[in-house]
Amino acid sequence: MRSETLFIGGRSGVGKSTAAEALHDLLVAADVRHVVIEGDALDLAHPAPHVEHPDAHLAERNLATMWERYRELGHHRLVFTNTVSVLEHEALAGAMGDGPLVTAVLLRAGDAATADRLRRRSGGRLPEAQLAHSAATAGRLDTAVGDEVTRVDTDAMTPEDVARRLASLTGWLPLRPAVD
């Protein structure tokens with residue numbers, strides 16, 4: 001069975017991880033086999049591997065190893081979160097080794113919603129530099145991603161709303177019969 005992958009990208013504080021957790025809950029409730037991988041952890045080290053060893057492609061290599069293990073266990077659906085995954089989705093999909101069907105989604109949110117989310121995540125304090133970096137990343141992502149990436153504005157959405165939107169984009173949830 002061909003793999004299917006949902007790449008979720010977006011600025012810091014947009015809700016990538018929270019949306020992936022809410023999607024996980026929806027898929028579990030529907031008994032849909034899947035894997036969630038937080039891409040930030042695949043090459044998180046100091047010094048940053050991509051700085052010291054630009055050709056190492058550590059995130060792709062680690063994803064390839066992890067995905068091979070999941071495939072051995074019968075999984076074929078992957079939810080992958082990482083800020084820039086929407087820019088690197090072709091390389092990441094290639095690392096999976098089985099030509100997955102790819103859905104790439106850029107989550108977007110304005111500065112006010114993002115600042116509120118980042119404040120909650122950090123316990124109430126938000127350094128201005130962090131918000132400025134998040135805003136700059138948002139602009140870079142929005143201009144750099146192609147038309148094959150679906151943009152979803154999350155300002156007025158709950159994590160569950162975002163998860164339902166992601167599920168509809170992938171088609172992973174079984175269709176429910178219409179109620180008369």
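## Asp31 and other backbone oddities

Asp31 is exposed, at 70% relative accessibility. In this predicted model, Asp31 sits in the loop between helix 1 and strand 2. The backbone there is a bit unusual: phi of Asp31 is near 60°, a positive value in a residue that is not glycine. For context, most residues other than glycine have a negative phi, and most peptide bonds are trans.

His57 is another non-glycine residue with a positive phi, about 50°. His57 belongs to the loop between helix 2 and helix 3, and it counts as partly exposed because its relative accessibility is 44%, in between the cut-offs of 20% and 50%. Then there is the peptide bond from His46 to Pro47, which is cis, with omega near -5°. Pro47 lies in the loop between strand 2 (35–38) and helix 2 (49–52).

## Helix 5 and Leu118

Which residues of helix 5 are buried? Ala113, Thr114, Ala115, Arg117 and Leu118 are. The buried residues of this helix pack against helix 6 (128–144). Helix 5 itself covers residues 111–121, and after it comes Gly123, with a positive phi near 85°.

Take Leu118 as a close-up. Leu118 counts as buried because its relative accessibility is 1%, under the 20% cut-off. Setting aside neighbours within four places in sequence, Leu118 is in contact with Ser12, Gly13, Leu126, Gln130, Leu131 and Ser134. Of these, Gln130, Leu131 and Ser134 are contacts of Leu118 that fall within the range of helix 6 (128–144). As for Ala93, it is 25 residues from Leu118 in sequence and 29 Å away in space, C-alpha to C-alpha.

## Arg77, a buried charge without a partner

Arg77 is in strand 3, which runs over residues 77–81. What is the nearest side chain of opposite charge to Arg77, and how far away is it? It is Glu4, 4.0 Å away, and Arg77 is buried yet has no salt bridge.

Glu4 also turns up among the residues that Arg77 touches, not counting those up to four places away in sequence. The rest of that list is Val32, Arg33, His34, Val35, Trp67 and Trp172.

## Salt bridges around helix 3

Side chains of opposite charge can pair when their charged atoms come close. The model has 9 salt bridges, and Arg69 takes part in salt bridges with Glu68 and with Glu72. With Glu68, the closest N and O atoms are 3.3 Å apart; with Glu72, the figure is 3.7 Å. Arg69 and Glu72 both lie in helix 3 (residues 58–72), 3 residues apart, about one turn of the helix. That spacing fits a general rule: an α-helix has 3.6 residues a turn, so residues three or four places apart point the same way. On accessibility, Arg69 is partly exposed at 42% and Glu68 is partly exposed at 44%, while Glu72 is exposed at 56%.

Next up are Arg71 and Asp98, whose side chains meet in a salt bridge at 3.1 Å, N to O. This pair links distant parts of the chain: Arg71 is in helix 3, Asp98 is in the loop between helix 4 (89–96) and strand 4 (101–108), and they are 27 residues apart. Both partners are partly exposed, with relative accessibilities of 28% for Arg71 and 25% for Asp98.

## A network and a negative patch

Salt bridges also join up into a network, which links Arg108, Asp142, Arg151 and Asp153.

Which residues form the negative surface patch? Glu21, Asp25, Glu38, Asp40 and Glu160 do. One of them, Glu21, is in helix 1 (residues 16–29). Glu21 counts as exposed because its relative accessible area is 52%, over the 50% cut-off.

Note on methods
Residues numbered from 1 in each chain as written. Predicted model: local features only at pLDDT ≥ 70, side-chain atom pairs only at ≥ 80, totals over all residues. Heavy atoms only, no water. Patch = residues over 30% accessible without salt bridge, like charges linked within 9 Å, V, L, I, M, F, W, Y side chains within 5 Å. Areas by Shrake-Rupley, 256 points an atom, 1.4 Å probe, with all protein chains shown as cover. Lys, Arg positive; Asp, Glu negative; His and termini not counted. Charge placed at Lys NZ, Arg CZ, Asp CG, Glu CD. Helix = DSSP H or I, 4+ residues; strand = E, 2+ residues; numbered from the N terminus. Buried < 20%, exposed > 50% of the residue type's maximum accessible area, 1.4 Å probe, protein only. Contact = heavy atoms within 4.5 Å.
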